[in-house]
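User: Could you take a close look at the salt bridges here and walk me through them?

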Amino acid sequence: MVTGATGQLGALVVEQLLKLVPADHIAVSVRDPKKAEQLSERGIDVRTANFNDYDSLLNAFEGIDRVLMISTDDMANRVQQHKAVIQAAKEKQVGFIAYTSAPKASTSKLSLAADHRATEEAIIASGIPYSILRNNWYLENEMGTFQAVLNGAPWIIASGEGQVGWATRLDFAEAAARVLTGEGHENSIYELSGPLLTQKELSSIFAEVTNREVQIRYVDEADYNEFLQQAGLPPAVSGFLASLQSQIGEGELQVESSDFERVLGHPTTPLNEAIRQLLGQS
């Protein structure tokens with residue numbers, strides 16, 4: 001079973017699962033089954049579940065052996081929701097749970113990491129065999145920058161020389177599908193990081209792909225916060241994103257690991273190829 005299967009990552013995981021197992025071996029849990037009608041038509045078992053409704057989780061997990069829990073985007077209630085999923089999975093005797101976490105979650109100072117750390121601890125404490133998938137950074141997160149530069153703006157860097165393990169959302173989805181369907185992943189923690197690069201190095205790849213000169217502008221956290229507010233973001237959101245960039249600059253996404261390639265069985269998608277795909281050039 002894949003939770004959140006109509007989300008950006010979940011939908012890709014389902015597509016990858018369909019390459020590995022028959023459709024009738026796959027179930028998904030969604031809040032709105034109407035959004036998953038195309039999955040039902042393909043023979044996938046679509047079940048309704050709301051992370052805030054424990055009974056719906058119990059019903060969804062009936063007869064399920066392996067679960068991929070994709071972290072929710074409800075920042076205020078995320079840990080409570082995740083713990084409900086874990087408890088329901090335990091009550092229904094689910095045999096394996098995989099979870100999309102954050103880089104170095106057990107020690108990270110990233111603003112995003114605390115919820116993931118609490119979830120990881122709850123999974124381990126549950127006694128259910130698990131695999132923690134510590135996803136680094138989706139290349140798709142940079143689409144706003146890509147579009148701005150294509151429109152003539154400078155490449156704004158608020159993370160200094162901080163290194164990031166970018167990879168495509170599709171690569172992360174494939175890794176999740178392989179862990180969910182594979183063997184030997186019980187009680188594992190995988191740091192899924194692509195090749196480490198700075199924003200400046202990423203901008204050089206982008207410049208080569210688009211055959212244009214890219215102007216670089218370094219800013220501090222305060223300037224980036226102001227820049228985001230001028231772009232229309234509320235102060236609470238801009239402040240969060242600006243602090244996140246500062247934390248990245250301090251190395252919170254800098255993870256040296258070969259786990260990603262090992263789980264995939266092949267290298268991650270080269271970033272120049274991935275950027276071409278995102279820009280519709282291939």
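Analyst: Happy to; here is a tour of the salt bridges, pair by pair. This is a predicted model, in which local features need pLDDT of at least 70 and side-chain atom pairs count only at pLDDT 80 or more, while totals for chains, interfaces and linings use all residues. Residues are numbered from 1 along each chain as its sequence is written, and side-chain values use heavy atoms, with hydrogens and water left out.

The whole structure holds seven salt bridges (a side-chain nitrogen of Lys or Arg within 4 Å of a carboxyl oxygen of Asp or Glu). One of them pairs Arg-42 with Glu-15, with 2.7 Å between the closest N and O atoms. This pair links distant parts of the chain, 27 residues apart: Arg-42 lies in the loop between α2 (37–41) and β3 (45–48), and Glu-15 in helix α1 (residues 8–18). Helices (H or I, at least four residues) and strands (E, at least two) are DSSP runs, numbered from the N terminus. Arg-42 is partly exposed at 40% relative accessible area, and Glu-15 is partly exposed at 31%; buried means under 20%, exposed over 50%, and partly exposed in between (1.4 Å probe, protein chains only).

Lys-92 and Glu-62 also form a salt bridge, their closest N and O atoms being 2.6 Å apart. Here, too, distant parts of the chain are linked, 30 residues apart, with Lys-92 in the loop between α4 (78–91) and β5 (96–101) and Glu-62 in the loop between α3 (54–60) and β4 (66–69).

Within helix α7 (residues 169–181), Arg-178 and Glu-174 are four residues apart, so about one helical turn separates them. Their side chains meet in a salt bridge at 2.8 Å, N to O. Arg-178 is partly exposed at 30% relative accessibility, whereas Glu-174 is buried at 11%.
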